[in-house]
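Colleague: Got a minute to walk me through this model? Let's look at it together.

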2 protein chains.
Amino acid sequence: MSGRSNRKKAKDASASVDGETASPDFGFLAELVSFHFRMLSIELNRAYDHSFADTPLAGGTGKLSTLIVVANNPGVSQTSVAKALDKDRSAMVKLVDHLEAKELIVRHPSPKERRTYALQLTDKGRSLLDQVTNIACRYDEDFFSVLTDEERDELVRILKKLRRHHEPGTAGL
Amino acid sequence: MSGRSNRKKAKDASASVDGETASPDFGFLAELVSFHFRMLSIELNRAYDHSFADTPLAGGTGKLSTLIVVANNPGVSQTSVAKALDKDRSAMVKLVDHLEAKELIVRHPSPKERRTYALQLTDKGRSLLDQVTNIACRYDEDFFSVLTDEERDELVRILKKLRRHHEPGTAGL
DNA sequence: TATTGTTATACTCTATAACTATA
DNA sequence: TATAGTTATAGAGTATAACAATA
């Protein structure tokens, strides 16, 4: 939390005067890890939308991740899925609504708990998941294909380490 | 784009049957780099909102980044800022509207280009930026404080490498 | 024709609050 | 009282299309 000041005050290339240089000066923004993280996050989401454009799961990653969690945990409740994906209960309602409307998921009445639903994939949902699994893996491979295997492993390791310290609830990965 | 299959088929801990285990099975989602990236991204954004809650720049990172880019490139046009931050022109309009309404930024008429505005910070904007700079740096430090210096440097290096290959336009970092 | 700023539209995501029915 | 699902609302982010003024 302290004693870390090995930041470069580079600011080399683009010292703009009238503000209309090709690549503007980002100031201390370029020194923030979170800035680079966020900028890449934009590209990652864009690549996702592009890869899944011709798919019923197009538009945000919520549908795919929900479908996968339900597929691997038949009978889950909405709240469980929401917690797993770090989403809100109310957000999950709309996601399940959407997936149910497309007949990919069913809300079964839960046997023990009359408050909850037991979510399950339909045959159509299972079939679709089989199809998009290839797209998802290729999308992920392609996006990070620039990295060496060592860099990729290191990135995953660092991401998991960060998640362990920032996710209060489900830090069991 | 090929020849990379060192994925572990771990799936150790939580093999749920009724779907109501503490931590559900994420299936192949847990094998995607993008999944871990996205999950951490949620926490990063949450941490930002928390850090800037008592600030005129609360609610999204767009206001802060815009303020910084304008501060470091006095006289930039809206489109330039939009391109730099990888945003849409129409999105930038609302951001500048918001910052202008709070008297942090002014839209000066551009001397040469009558189509464009020359954006500049007001004294109030400069003053605010001075204040929030500390918050921004502390927010970034704190979030990644779990990492060693070497891990942090490696993370930044990998992020920049990925950005270089995925940002078509402004890859000059 | 191309570009800048703008407006309108639409959908995702996130967050909050309040309601219902169960427990 | 606590929880699961729901509904409503709100703002941020992203994307597209179209328009007027200007180049």
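Colleague: Which residues of α2(B) are buried?
Modeller: B:G62, B:K63, B:L64, B:S65, B:T66, B:L67, B:I68, B:V69 and B:V70. Buried means under 20% relative accessible area (1.4 Å probe, protein chains only). Helices are DSSP runs of H or I, at least four residues, and strands are runs of E, at least two, numbered from the N terminus.
Colleague: And what does that say about the helix?
Modeller: Nine of the eleven residues of α2 (62-72) of chain B are buried, so the helix is largely enclosed by the rest of the structure.
Colleague: What covers those buried residues of α2(B)?
Modeller: The cover includes α1, α3, α4, α5, β1 and β2 of chain B. Contact there means heavy atoms within 4.5 Å.
Colleague: Before the DNA, any ground rules?
Modeller: This is a predicted model: local features need pLDDT of at least 70, side-chain atom pairs need 80 or more, and totals for chains, interfaces and linings use all residues. Residues are numbered from 1 along each chain, chains are lettered from A and ligands numbered from 1 as written, and side-chain values use heavy atoms, without hydrogens and water.
Colleague: How many residues surround DNA strand C?
Modeller: 25, with A:S90, B:T79, B:R89, B:R107 and B:R115 the closest. Near means a heavy atom within 4 Å.
Colleague: Which helix gives the most to that surface?
Modeller: α4(B), with three residues.
Colleague: Where does the side chain of B:R115 meet the strand?
Modeller: At a base oxygen, 2.6 Å from its N or O atom. B:T79 instead has a polar side-chain atom 2.4 Å from a phosphate oxygen of DNA strand C.

How values were computed:
Buried < 20%, exposed > 50% of the residue type's maximum accessible area, 1.4 Å probe, protein only. Polar contact = N/O pair within 3.5 Å; in protein donor to acceptor, adjacent residues only side chain to side chain.
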